[in-house]
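Work through the exercises below with the sequence and the model side by side. Try each task before reading its solution.

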Amino acid sequence: MKIKARPKSEWQAEIRKLSDLYRKYAVLRGIEIDDQYRNMAGINMQIQDCVYIATGGRNGLSGGAAWMRNFMELYDTDQEAFQLMLREAEKRMDVQDEIEQRCAVEIDASMSTDTLEVNKDASEVSLEDFVWDKHETAQMVELYYALREVDVSEWDEMMRQECMALEKYHWEKYKSKARQFFTMTDLAMKIYGFKMLETGQGIEGQDYSTLDKEIFQMRKENKHAFENIIYPDNKKELMPVTMERQWDDYEIARLTYECVNLKGNSIVTIIKDFHKHLKKYASSLGYVMDITRSMGAINRHALEIDYLLTDGHRGKKGATKSDKNIVSMYKYRNREFGFLLEEANKRLGYETEDNPREDINLSWYDENSSNIEEVKEIISDYKESEKSEIKSEFLAISKSEKDNTEEKYRVIMEEEYPNGIRLNSKLDFFRFAGLFKEKYGDDISRDMFVMNITMITYEDDGRRKLKNNQEQNEFIDILLNDFEAIYAKGFSCIYNCCVFPHYKHEIEHQMQIYSEDEFWSIMKRSMHRYHVNGFGHITPKEFSANPDEDVRRYISDVQKEITYDELEQDLWFIPIDKIKQVVRSTPSIINTATNTYMSIAAFPITTEELNKVRVVIKNAIVTAPARQLQAEECRRQIYCDSECKSVKINTEMFSTTCFQKAIGYLLRDDFNFTPKFVTPKNVEMDTGKMYREFCDNRDQFTLEELKEFSKEINTPIRHDIIHDTMVRIDKENFVKDSFVVFDSKKIDAFIEENICTGKYMSLKKISSLVSNFPSVENYRWTGYLLESYIYSYSEKYELLNSSFSENDFNGVMIRRDAGKIEYDDIIMDVLVHKECNTEEEALNELKEDGYITRANYKGINRILENAKIKRSKLKGE
């Protein structure tokens with residue numbers, strides 16, 4: 001996608017960079033590479049596969065893997081998921097060695113030395129051997145539902161913890177490391193697969209397995225059976241267990257201590273350090289961290305404790321009963337709290353202090369009694385002598401020093417007090433003074449603190465807030481009013497990723513904010529009535545997000561043609577990629593010009609005119625060959641009818657494709673419409689007749705022409721019809737059967753004497769010997785020519801296959817005098833003589849030998865078991 005618009009001459013430089021990156025990445029992973037590994041020629045071919053998919057087969061090379069189609073689809077339909085995986089890929093390729101070393105320390109710390117010693121020579125699990133088991137899949141289903149309940153900012157931490165949990169489980173159960181398979185990318189692909197399952201869509205490839213579907217459905221329909229998979233035989237110790245959601249007394253005691261003893265430290269630094277100790281504490285108990293102890297959760301819990309400490313003057317509600325008990329102990333039973341804190345420090349891994357109880361007093365706590373010292377209000381009527389003393393001190397400072405002092409106060413207020421500060425709180429003053437001392441090295445007096453804070457702030461509900469915050473709040477009010485206006489028009493959601501880019505100019509000039517993360521940290525405090533789900537939809541709490549329907553309804557309501565640029569401007573709160581995906585996938589929206597669309601509800605045709613069109617089409621189909629009316633002829637018949645003159649006047653500006661799609665949608669209950677034909681609703685289209693006519697009208701054609709015709713009539717290629725009248729001479733070309741003359745007696749005799757001495761033989765095995773076959777005039781023997789010969793010309797042999805393939809030849813040549821043989825019988829006979837023990841091994845062997853075209857076969861599990869039994873009997877076991 002990055003280089004597609006560039007001249008072809010510039011491609012090679014980028015391909016060389018990509019090749020170097022891949023080869024370097026392989027070396028970092030310990031893979032031995034040679035000159036062919038990820039070289040430029042190979043990457044060139046992969047890029048041509050991408051071009052083929054992106055252009056719908058018009059350019060490039062066919063044969064790209066299913067995963068490539070999946071990623072191209074993901075790129076087009078879900079940019080958020082694609083970018084998440086791209087970031088993970090970039091991170092892994094740039095600093096993979098550091099990431100793996102860090103993960104190794106965390107995971108290997110939980111494994112015993114003896115176990116590591118026994119398994120240290122075990123090789124890593126290969127990608128081909130690795131399969132998710134039921135327990136791991138069930139864990140991922142649980143993670144999928146958990147992600148939906150939390151803010152998107154928590155996703156990375158949750159998925160990282162899940163990676164660690166799965167790695168630990170896999171090691172304990174299989175005694176093999178699978179670290180490279182439990183990455184953020186792997187988890188993201190699983191989550192995307194479950195998202196597709198829930199919406200009723202499907203993706204091809206290994207990321208959307210039968211097991212995924214089975215476990216996902218089980219959770220919805222049989223919760224008991226699902227829990228039995230997560231907790232097999234109630235042995236919960238076999239799986240990584242998350243910490244209890246309820247914090248214990250030791251965690252709360254230490255967090256309380258942190259809340260009242262900041263000592264000028266940054267809140268962010270305190271939270272990070274506390275989070276690190278919590279991880280060690282969880283590990284020592286045999287748990288893994290969950291979302292209840294992320295850094296965001298620690299910050300929220302600290303605010304709830306602060307609410308209790310300050311009697312509701314600061315922080316926020318939501319404290320638990322345990323929180324209230326510990327804070328009460330801190331306030332009224334200081335000695336007991338000291339002993340609890342000592343034990344908490346030991347358990348959480350904090351360094352032992354000489355006397356930790358010496359530092360646990362708030363400035364307003366009187367340790368000689370069980371009462372809280374009353375915080376006195378700052379008296380507004382200072383004594384005249386005190387007033388003049390302060391004023392003199394203030395006037396003695398130069399203007400530049402005043403400005404500098406104000407700036408220092410402003411910086412601390414912006415960084416540490418976004419919700420404002422209380423002038424009458426000694427606790428706030430001492431904390432502010434500590435921060436000032438740490439940052440600038442100067443002490444400040446209480447009186448100068450009051451005077452400077454009063455100058456740069458305004459009063460708001462008992463707190464002093466920075467004056468520029470007032471302008472921020474005014475803009476936030478405007479923005480929230482815009483939100484309400486959008487919801488009032490009937491839209492169900494706003495994407496949070498669209499808000500900052502849309503208001504970027506105003507945010508920078510009115511709020512002095514230049515970072516999206518900083519913007520949302522301020523916005524969240526004002527969005528109490530809104531909910532942001534895991535997909536980034538901002539909705540009122542009583543709404544359900546349905547952006548697809550929002551786009552469809554808007555296009556229908558405008559009642560005219562509308563371009564992507566206009567949609568992007570009018571629906572600024574929905575990403576343009578999402579709008580395009582909805583527009584392209586909605587049958588009731590038609591493409592009228594380049595990047596221009598219209599709802600069929602606005603198509604200029606009345607109900608009366610539509611009834612006349614219905615009659616014209618019905619009559620025309622009666623006289624059409626095989627009751628199949630060609631699209632061009634359908635439109636011509638409508639325009640020629642005297643009853644439909646107004647239809648012609650109002651719709652002739654539309655292309656035939658556009659006209660056909662609109663009429664087809666409006667009359668979908670009466671007729672079947674394809675890009676080429678119109679047939680009655682209750683009459684199936686005779687695709688066989690279409691392909692026969694296609695062959696009859698040509699002496700030869702290419703595979704590309706055949707695929708184009710298949711695309712035009714919107715049906716799969718009928719290879720059986722094609723092979724009845726044509727001969728495939730190589731991968732790309734077909735010729736009429738009358739052009740090729742086979743000496744069947746001579747060819748069959750050669751096969752019988754030199755090639756196939758048994759009842760059957762795979763075409764793949766014969767194809768390497770075709771150069772020795774009796775010659776065919778004007779044509780060279782290929783596997784494809786052999787396939788056509790056995791299918792249509794051989795007198796002694798017949799072709800048996802599961803299906804014809806566009807890109808390969810396959811199947812089995814069987815003697816006609818061998819009696820009736822089913823394909824399942826051949827598959828079993830092949831497996832009896834193969835040492836295959838798993839379905840995957842069996843399918844790979846069958847595909848390699850040309851018995852099947854894809855690595856799947858209906859009933860392979862049953863056939864393999866019967867083959868094993870027969871194999872054992874033959875060996876006399």
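**Exercise 1.** At roughly what angle do the axes of helix α2 (residues 40–54) and helix α3 (residues 66–77) cross?

*Solution.* Some ground rules come first. The model is predicted: local features need pLDDT of at least 70, side-chain atom pairs count only at pLDDT 80 or more, and totals for chains, interfaces and linings use all residues. Residues are numbered from 1 along each chain as its sequence is written, and side-chain values use heavy atoms, with hydrogens and water left out.

Step 1. Find the helices: they are DSSP runs of H or I with at least four residues, while strands are runs of E with at least two, and both are numbered from the N terminus.

Step 2. Fit the axes. They are lines through C-alpha atoms, for helices over the stretch in contact, and angles run from 0 to 180 degrees between N-to-C directions.

Step 3. Read off the geometry. The axes of α2 and α3 come within 10 Å and cross at roughly 55°. That makes α2 oblique to α3. The classes are roughly parallel under 35 degrees, roughly antiparallel over 145, roughly perpendicular at 65 to 115, and oblique for the rest.

Step 4. Add the hand. α2 passes α3 in a right-handed crossing; here the near helix is turned clockwise from the far one by less than a right angle, and anticlockwise would be left-handed.

**Exercise 2.** Which residues make the contact of α2 with α3?

*Solution.* Contact means heavy atoms within 4.5 Å. From α2 come Gln 46, Asp 49, Cys 50, Tyr 52, Ile 53 and Ala 54. From α3 come Trp 67, Met 68, Arg 69 and Met 72. By class, the contact holds seven nonpolar residues, one polar and two charged.

**Exercise 3.** In what order do strands β14, β16 and β15 lie in their open sheet?

*Solution.* Step 1. The order is β14-β16-β15, with antiparallel pairing. Two strands pair if DSSP finds at least two bridges between them.

Step 2. Identify the edges. β14 (700–702) and β15 (726–728) each have a single partner strand, so one side of each lacks a neighbour in the sheet. Neighbouring strands here are turned by 25° against each other on average, direction ignored.

Step 3. Count the bridges. β14 pairs with β16 (residues 733–736) over three. Phe 701 has Phe 734 of β16 as its bridge partner.

**Exercise 4.** Which are the edge strands of the open sheet β5-β7-β6?

*Solution.* This three-stranded sheet is antiparallel. Its edge strands are β5 (494–495) and β6 (530–532), each pairing on one side only. Two bridges link β5 to β7 (residues 537–540). Tyr 495 stands opposite His 537 in β7.

**Exercise 5.** Which side chains of strand β18 (residues 797–800) are buried?

*Solution.* Buried means under 20% relative accessible area, exposed over 50%, and partly exposed in between (1.4 Å probe, protein chains only). Tyr 797 and Leu 799 point to one face and are buried. Glu 798 and Leu 800 point to the other face and are not. The partner of β18 is β19 (residues 812–815), antiparallel over four bridges. Within that pair, Glu 798 bridges to Ile 814.

**Exercise 6.** Is Tyr 564 buried or exposed?

*Solution.* Tyr 564 lies in helix α25 (residues 564–570). Its relative accessible area is 5%, so Tyr 564 is buried. Beyond its neighbours within four places in sequence, its contacts are Ile 576, Lys 580, Val 583, Arg 584, Asn 595 and Tyr 597. Val 583 is 19 residues away in sequence and 9.6 Å away in space, C-alpha to C-alpha.

Technical notes: Ala, Val, Leu, Ile, Met, Phe, Trp, Tyr, Cys and Pro count as nonpolar, Asp, Glu, Lys and Arg as charged, and the others, Gly among them, as polar.
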